[in-house]
Each structure stands twice: as C-alpha cells, then as structure tokens.
Amino acid sequence: MDAYDAGSNARQGRDEQGGRGRPDRPDGPDGQAPLEPSEPSEPSEPSEPSEPSEPSGGPVGTGGGPAETGGPVEAEDEAETGTGAAAGIGAGPRVTPAGPGQASAELRTGVAALSPRYQVGAVVALAVVAVAVCAHIGLVFLHVAPSNTLTKQHGAAVDEWVYPEFEQNWKLFAPNPLQQNISVQVRAEVTTAEGAIRTTGWYDLSAEDGRSIEGNPLPSHTQQNELRRAWDFFVATHDSDDRPVGPRGTLAEAYLRRIAALRLDRNEAAGPGGVVERVQYRSRTTNVEPPPWSGEKVSDRPVYRELPWWPVSVDAEDGDAEDGTAKEGGAA
C-alpha cells in the first residue's frame with residue numbers, strides 16, 4: 001500500500017532536506033485538504049512518587065523520536081499527571097486568591113466606604129431628614145383630618161405650619177366641584193419721576209400665569225398655584241365687606257400685597273423713576289358653560305369684586321419691601 005494513500009493512517013516522515021513532507025491529499029470542496037480524524041490516545045496512568053513516569057505511547061516520526069506536537073488529549077493527560085515542563089500544559093492562568101483584608105476593601109462602597117466620622121455625619125443627616133419629613137406629613141394629616149383631640153389642643157401650631165404654603169384644597173374631589181373661572185387682576189397708583197400721580201390699567205395676573213403654563217411641560221409651582229391659592233386664602237378669611245376675620249385675614253392681605261408688588265415690578269408698571277404708592281385687586285368671575293345635554297341655564301355675564309386700595313410702605317431700615325412693598329424704580 002502507498003504511504004501517501006488517502007486511506008492510510010501512517011504519518012509522514014522527514015524529507016531529504018530534513019523537513020516534513022506534505023502528503024498528496026485530495027482537495028476538499030473548497031480546495032483545502034480534509035482533516036484526518038485524530039487517533040484516540042489511551043489515558044496514561046498517574047506516575048508513582050518513587051518511580052519516574054513512562055512516556056506515553058504517542059505517534060512516532062521516522063527518526064524514532066516522539067512527534068513534535070501532541071494532540072489536545074495528550075496535553076490534558078500531561079496536565080492531569082503533572083508531567084511536562086510547566087506541569088500544567090493546557091490549563092488556564094493561575095489565580096492567586098486575595099486575602100481577607102483586600103477582599104473587604106474592594107467590596108466597600110457607598111456609605112461603608114467613608115471613614116467612621118463621615119459615616120456618623122451621614123447617619124445623623126439622614127435621621128434629621130427623616131424626622132422632618134415625618135413631622136411635615138403628620139402636621140398635614142392633622143390639618144386635613146376631622147376634628148380630634150390633637151387638633152383641638154394644638155390647632156394653632158398646625159395652622160402656623162400649614163398656612164399658606166401647604167394648605168390643602170379638595171375642591172376638585174368635592175361632590176360639586178368648582179364650576180367658575182376666576183381671574184385675578186391688579187392695578188397700581190404710581191408717583192412718576194416728575195411727581196405726578198397716575199393710575200395704571202388692570203394687569204390680568206391669572207392670564208399671565210396661564211400663558212406661562214401653556215406649552216410648558218414642567219411649569220413651576222408659583223405659576224400654577226401661588227396666585228390661585230393666595231386668592232382662595234383671602235376669600236376664606238374675609239367677610240363680604242372685605243374685612244379680615246381673625247389674624248389669618250391680616251396674613252392673607254400681606255400675602256396678596258407682596259404678590260402684587262412682585263408682579264408689578266416684573267411688568268415695570270411704575271416706569272423709569274416711578275414709585276408704586278398703592279395697589280388694588282379685583283376678581284372677574286364667569287360661570288363655566290354647562291354641556292348642552294344637561295338643560296341647565298347659567299348667566300354668562302362676568303361678576304366683579306373690587307377690593308379697597310392698599311398702601312405700599314417701604315421699610316427705611318433695610319430697604320426691603322415690608323409685606324410686599326415697592327422700591328425706587330419699581331415695585332419690589
């Protein structure tokens with residue numbers, strides 16, 4: 001039989017120049033030589049400590065020595081038996097296990113990575129925030145809850161915390177929700193730079209807030225609720241003659257006066273060198289038209305409510321506006 005026959009499993013020896021020969025093999029489908037199936041090698045027995053291990057019977061070349069390159073099975077056998085130069089041929093890189101101190105240092109993240117002093121500071125800050133949040137939620141709950149022993153004894157403290165910024169309004173969820181559009185307007189009496197007195201036109205503050213909110217995906221809280229809540233606060237704490245009922249009525253007037261001063265200053269109502277002397281509010285209320293199928297009839301005529309003129313005074317000590325007062329060059 002020819003040694004270079006495709007059916008022969010004999011290995012090729014070295015050629016005349018001492019190099020390896022290349023058998024003439026038929027080309028595969030892509031012009032490449034087909035791979036020959038490797039001969040399964042028998043696993044070698046582990047060597048005893050007292051006797052040297054015998055070389056495993058691998059393929060032998062024409063020179064009588066072992067083949068230059070062993071198969072993957074031979075590499076695994078050598079790695080298992082501990083033979084070879086590195087006693088681990090075919091195995092992955094060795095990984096040195098980290099000590100307990102190094103492992104704990106790598107795993108410390110977040111607050112645990114801080115020094116003990118800063119850890120104590122972070123815990124104290126979190127505790128203060130948690131107490132403040134719980135206290136706020138508790139006071140707001142007492143404000144909206146029905147009358148009870150705590151609200152009867154500490155109602156004044158609850159009102160001081162809640163009003164006016166955190167007041168709760170449940171009209172949207174009432175059985176008969178609000179069916180009116182209320183527009184809050186303001187005007188001012190101004191002393192010009194030449195000393196003359198003039199009265200400005202009405203500034204529709206509700207329309208200004210509406211234009212700021214329209215098309216704005218993230219409107220501010222002041223644009224949505226400041227003016228509306230301030231007017232509701234005033235109406236709830238004044239009688240039909242616009243006289244305050246209790247100390248909260250005075251607070252409501254001061255709150256509206258401050259808003260008027262800020263809005264007039266933004267609109268430059270006083271003009272160059274002018275000073276706002278007094279302000280006046282009014283509301284314009286119109287009914288929301290009912291749906292056609294209801295058969296309900298309401299008046300479409302607006303109803304106005306004008307408040308008296310409120311003077312605007314300046315605190316001479318610090319130059320700040322007191323209760324929403326104006327400054328030189330416009331309202332504060």
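1. In this predicted model, confidence varies along the chain: the mean pLDDT is lowest in strand β8 (residues 330-331), at 38, and highest in strand β3 (residues 203-204), at 96. Averaged over the chain, pLDDT comes to 74, and 60% of the residues score at least 70. A reader should keep these values in view when looking at any one part of the chain.

2. Two stretches call for particular care. Over residues 10-21 pLDDT stays under 50, and the model has 17 contacts beyond four places in sequence for this stretch. Residues 57-90 likewise have pLDDT under 50 throughout, and there the model has 26 contacts beyond four places in sequence.

3. As for the overall make-up, the chain has seven helices and eight strands, and of its 332 residues 22% are buried. The accessible surface of the chain comes to about 23,800 Å², and carbon and sulfur atoms account for 55% of that surface. When contacts between residues at least 6 apart in sequence are considered, 55% of them join residues at least 24 apart.

4. Helix α7 deserves a paragraph of its own. This helix covers residues 247-266, has 20 residues, and reaches 29 Å from its first C-alpha to its last, which is close to the 28 Å expected at 1.5 Å a residue. Its buried residues include Ala 252, Leu 256, Ile 259, Ala 260 and Leu 264, and the charged residues Glu 253, Arg 257 and Arg 263 are also among them.

5. What links helix α7 to helix α6 through side chains of opposite charge? Arg 263 forms a salt bridge with Glu 226, and the closest N and O atoms of the two are 3.5 Å apart. Arg 263 lies in helix α7 and Glu 226 in helix α6, so this pair ties together parts that are 37 residues apart in sequence. The two partners can be compared with the cut-offs for burial: Arg 263 has a relative accessible area of 3% and is therefore buried, being under 20%, whereas Glu 226, with a relative accessible area of 22%, is partly exposed. The pair also belongs to a network of salt bridges in which Asp 209, Glu 226 and Arg 263 are linked.

6. The structure holds six salt bridges, and another of them joins Glu 189 and Arg 278, whose closest N and O atoms are 2.9 Å apart. Because Glu 189 lies in strand β1 and Arg 278 in strand β4, this pair ties together parts of the chain that are 89 residues apart in sequence. Glu 189 is buried, with a relative accessible area of 18%, while Arg 278 is partly exposed, with a relative accessible area of 30%.

7. Where does Thr 192 sit, and which residues does it touch? Its place is in the loop between β1 (180-191) and β2 (197-199). Once its neighbours within four places in sequence are left aside, Thr 192 is in contact with Arg 198, Gly 273 and Gly 274. Although Thr 192 belongs to a loop, this residue is buried, with a relative accessible area of 16%.

8. Two loop residues have backbone angles that a student may wish to check. Most residues other than glycine have a negative phi. Asp 242, however, has a positive phi of about 65° although it is not a glycine, and its place is in the loop between α6 (221-236) and α7. With 15% relative accessibility, Asp 242 counts as buried. In the sequence on either side of this residue, the side chains of Asp 241 and Arg 243 meet in a salt bridge, with 3.2 Å from N to O, and Arg 243 counts as partly exposed at 49% relative accessibility.

9. The second of these residues is Glu 268, which follows α7 and is found in the loop between α7 and β4 (275-287). Glu 268 has a positive phi of about 55°, although it is not a glycine. Is Glu 268 buried or exposed? At 65% relative accessibility, Glu 268 counts as exposed, in contrast to Asp 242, which counts as buried at 15%.

Terms used: Residues numbered from 1 in each chain as written. Predicted model: local features only at pLDDT ≥ 70, side-chain atom pairs only at ≥ 80, totals over all residues. Heavy atoms only, no water. pLDDT = per-residue confidence, 0-100. Helix = DSSP H or I, 4+ residues; strand = E, 2+ residues; numbered from the N terminus. Contact = heavy atoms within 4.5 Å. Buried < 20%, exposed > 50% of the residue type's maximum accessible area, 1.4 Å probe, protein only. Areas by Shrake-Rupley, 256 points an atom, 1.4 Å probe, with all protein chains shown as cover. Expected span 1.5 Å × (residues − 1). Salt bridge = Lys/Arg side-chain N within 4 Å of Asp/Glu carboxyl O.
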